[in-house]
Amino acid sequence: FRSYAHEDKVWGLHCNKADDTLVTGSTDSCIILWKDVTEIELAEEQAKQEEQIIKQQELSNLLHEKNFSKALGLAILLDHPHTALNVIKAILREASGDAKLEEVILKLRRDQIGRA
């Protein structure tokens, strides 16, 4: 728990094995109820990591399929600038690449453009 929540010395501490709460009392006349959210935060972080892995696999699949339109947006969203550059170069190598690149860029969502 954050020891800086109290403005003075903590003189009382009580915890309960039945739940994830802790109570502290201090000479600053405050009683604070704490909740241990470690497991919740770890689960959220693991879910984010799993989502990143799925998106990276999707990007790999899009590149393999040469679906450069979707790959560019996903590379930008995943903050993979080198991959985004390679996708742009691949689009430009195609027939009428300039026009295709312009079309792909116009289709990008606002959150993808803001990261570029």
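**Salt bridges and a buried threonine**

In this predicted model, the side chains of K100 and E94 come together in a salt bridge, with an N to O distance of 3.2 Å. Both partners have some access to the surface: K100 is partly exposed at 34% relative accessibility, and E94 is partly exposed at 29%. As a general point, side chains of opposite charge can pair when their charged atoms come close.

The total number of salt bridges is three, and helices supply the setting for the others described here. In helix 4 (residues 97-107), K107 and E103 are four residues apart, so about one helical turn separates them. Their side chains form a salt bridge of 3.3 Å, N to O. K107 counts as exposed, with a relative accessibility of 60%, whereas E103 is partly exposed at 43%.

A similar spacing is found in helix 1 (residues 38-64), where E51 and K55 lie four residues apart, about one turn of the helix. Here the side chains meet in a salt bridge with an N to O distance of 3.2 Å. E51 is partly exposed at 42% relative accessibility; for K55, the relative accessible area is 22%, which falls above the 20% limit for burial and therefore makes this lysine partly exposed.

Attention now turns to a residue in a strand. T24 belongs to strand 2 (residues 21-26) and is buried, with a relative accessible area of 1%. The T24 side chain has polar partners: a polar contact of 2.7 Å links it to the side chain of H6, and another, of 2.8 Å, links the T24 side chain to that of W34.

Technical notes: Residues numbered from 1 in each chain as written. Predicted model: local features only at pLDDT ≥ 70, side-chain atom pairs only at ≥ 80, totals over all residues. Heavy atoms only, no water. Helix = DSSP H or I, 4+ residues; strand = E, 2+ residues; numbered from the N terminus. Buried < 20%, exposed > 50% of the residue type's maximum accessible area, 1.4 Å probe, protein only. Polar contact = N/O pair within 3.5 Å; in protein donor to acceptor, adjacent residues only side chain to side chain. Salt bridge = Lys/Arg side-chain N within 4 Å of Asp/Glu carboxyl O.
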